[in-house]
Amino acid sequence: MSTALDTPLRPLSRAAGEGRGGGADPRDVGGPAQPLLIARDLAKHFHVRGGSKSARVRAVDGVSFTLFKGETLGIVGESGCGKSTLARLLLHLVERDGGELIFDGEPVGAPRGITVAALRRHVQMVFQDSYSSLNPRMPVQDSVAFGPFVHGRRKPDARRVAREMLVKVGLNPDLFGQRYPHELSGGQKQRVNIARALAIEPRMVILDEAVSALDKSVEAQVLNLLRALKAQFNLTYLFISHDLNVVRYISDRVLVMYLGRVVELGPSEEIFTRPLHPYTRALLGSRPSMDPAHRIEEPPITGDPPSAIDPPTGCRFHTRCPFAEDVCAAKSPELGAWLERGSHVAACHMLDAGSGHSAAPA
Amino acid sequence: MSQTASLPIGARFDDDSPPALRVRGYWSSVGYRLRHDPATLFFGLIVLLIVLAAIFAPLLAPFDPYKEGVVLRLKPFGYRGHPLGTDELGRDLLSRLIYGGRSSLLMGLVPVCIATALGGTLGVIGGFAGRRVNAAIMRTMDVFYAFPSVLLAVAISGAMGGGMANGMAALALVFTPAMCRVAETATAQVRSLDFIEAARATGAGMFTIVRYHVLGNVLGPVFIYASSLVSVSILLASGLSFLGLGVKPPTPDWGLMLSTLRQSIYVAPLSCALPGAAIFVTSICFNLVSDGIRSAMDVRL
């Protein structure tokens, strides 16, 4: 399990009057057993411009998962499976069309829960494009200072926090603070983005393909930095990537998405060594082999994913699944109970006794 | 500080890049780039001279710009102490040019400033709010945009009655839709970028985001467009004056002078060209100076 859980250390000094109560970590409302984030049946359907009234892209369609405190949950899937939309839903950057979001035991946006504004001070996000996620006309230390400034710090104070954060991500503020984004390399910009996300002391960080645009050596540096920061600041990560090796390296648990739905959820090692869902197996099979003796001759999965505008009935993967039977097209498989950290579940009829699939257990 | 001890793994300083190029702040670096741009400095000096000449016209003008003389009509350069000759009513042309800068500069700058403030604000609001607000603002602007600018200026100032103030108001209204469109386009471009989303994610309100993240990125295109409108405004103002809707004769005004001297183009072509040259030089200088300032303000250059 993650060691970050029992690290109460919070290195950034907290200014008085920030609106938090007393106690060890006053922000930890529900205690360590309470999951940090519970998503239930999250849905986002985009209207198709120029399409008929009913044409909707079901970008995220009934996604449920649990994010435990102090863990890193990796989210993998092909392009267009709804990973980024899910990230934006969690931060309320796009309005959800359905479902429920519970942050540390409190429903988000509900009358008795916490507000979206409150959620946003606990959850931050690092974007994929390190250049466009920084204001090109703002020195990077001001970009980092913007968060603390918005949360009520005075400007010099916010700038001091920003410079501290730059040190934490390995950038010398005297050398880099006054620079503009175009004067930094990709890795340096992404470090600034991480500093920006951490500057308001969030409890959870969504990393949306945060290292995907970096070259391999820089990617490794940034991944190590993320790990170190996680332990130092007692963070919980939601790590979105299409790079399976990176996800395996950094994640405690992994969630596999296909066409806006969760197909498999479980501990990282189990998913990678013992995948349950045919899609996960195909996805893992698509990784290039490092061994020339075991060349991959055939594509493990054929064709493009079907359109999310008019997704297949039943199991969404049945159009490409080598084990598909009639029941797969007729009935949508359920993801099992996933409420524990160790649960490993997959939405597939072949695992569900009595589903009618010939390969299902009796 | 014991920072080095708490530095995370892999977080060494990236010291391999060249030493910091920028120690100075934003405005001092803008000043630095301006000082090293001789063209902008030169044209800025001309603009300054024109403005100063207009302000101190009574001290500089050798003659009374209103004093007519029947025998002195359309005299050539240097005639009896008139350095640039006289106009069709025998008034000293140099004095009239110096005085004319006053109303011409006012008619050139004031409407553009009003239009920039008004159109810029509406454009940023529309571009940032998006959807319905944007449609409401931009479609209203399109209605004004559909008219030819001269026709619209004439119609508005005709409806409000002549005079300099009404002329300025009419011109401001003419320029507002175009200004609004430029600001809206620039804002909409910025709005879709990730850093705006990141700012929203920190919990910043709309006004804070616009103030700190949008305006700086919109100012450049708005500024350059506004400066190009100054000369258009001077010319349109002269058109209004010609129709009796702007500056009233005998007030000296470059546009008005151009239109009255135009009848004498075969008799005294040089005198006739002078007010036109004044408008030309002023607008060119405004354009070049604003272009220079814009590039000095662009941190990416």
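A residue is taken as buried if 20 or more other C-beta atoms lie within 10 Å of its own. By this criterion, helix 11 of chain B, which comprises residues 254-261, is mostly covered in the predicted model, with six of its eight residues buried. The buried positions of helix 11 of chain B are Trp254(B), Gly255(B), Leu256(B), Met257(B), Leu258(B) and Leu261(B), and these residues pack against helix 5 (93-129), helix 10 and helix 12 of chain B.

The chain in which helix 11 lies is built from helices, its secondary structure amounting to 12 helices and zero strands. Read from the N terminus, the elements of chain B follow the order α-α-α-α-α-α-α-α-α-α-α-α. The radius of gyration of chain B is 25 Å, whereas the globule rule gives 19 Å for 301 residues, so chain B is more spread out than a compact globule. The C-alpha trace of chain B extends over about 90 × 45 × 30 Å along its principal axes. Of the 301 residues in chain B, 40% are buried, and among contacts between residues at least 6 apart in sequence, 69% link residues at least 24 apart.

Chain A, by contrast in its secondary structure, contains 11 helices and 11 strands. Buried residues account for 47% of the 362 residues of chain A, and in chain A 66% of the contacts between residues at least 6 apart in sequence join residues at least 24 apart.

Helix 10 of chain B, one of the partners of helix 11, spans residues 206-242 and departs from a straight course. Although helix 10 of chain B has 37 residues, its end C-alpha atoms are only 46 Å apart, short of the 54 Å that a straight helix would reach at 1.5 Å a residue. A kink of about 50° is found in helix 10 of chain B, centred on Val214(B), and just after the helix Gly244(B) adopts a positive phi of about 80°.

Helix 10 of chain B also packs with helix 12 (residues 269-297) of chain B, at an angle of about 175° and with the two axes 9 Å apart. As angles over 145 degrees count as roughly antiparallel, helix 10 of chain B is therefore roughly antiparallel to helix 12 of chain B. On the side of helix 10, the residues that meet helix 12 include Gly220(B), Phe223(B), Ile224(B), Ser227(B), Ser228(B) and Leu235(B). Among their counterparts in helix 12 of chain B are Ile279(B), Thr282(B), Phe286(B), Asn287(B), Asp291(B), Arg294(B) and Met297(B).

Phe286(B) is also contacted by Val47(B), a residue of helix 3 (residues 38-55) of chain B. Leaving out residues up to four places away in sequence, Val47(B) touches Cys285(B), Phe286(B) and Val289(B). With 18 C-beta neighbours inside 10 Å, Val47(B) counts as partly exposed. Val47(B) and Gly127(B), separated by 80 residues in sequence, lie 33 Å apart in space, C-alpha to C-alpha.

A second partly exposed position is Tyr145(B), which has 16 C-beta neighbours inside 10 Å and belongs to helix 6 (residues 131-145) of chain B. When neighbours within four places in sequence are set aside, Tyr145(B) is in contact with Pro177(B) and Ala178(B). The C-alpha atoms of Tyr145(B) and Ala169(B), residues that are 24 apart in sequence, are 16 Å apart in space.

Terms used: Residues numbered from 1 in each chain as written. Chains lettered and ligands numbered in written order. Predicted model: local features only at pLDDT ≥ 70, side-chain atom pairs only at ≥ 80, totals over all residues. Helix = DSSP H or I, 4+ residues; strand = E, 2+ residues; numbered from the N terminus. Rg over C-alpha atoms; globule rule 2.2 N^0.38 Å. Buried ≥ 20, exposed ≤ 12 C-beta atoms within 10 Å, placed from the backbone. Contact = placed C-beta atoms within 7 Å. Expected span 1.5 Å × (residues − 1). Bend = angle between axes of the 7 residues up to and from the residue. Axes fitted to C-alpha atoms, helices over the stretch in contact; angles between N-to-C directions. Parallel < 35°, antiparallel > 145°, perpendicular 65-115°, else oblique.
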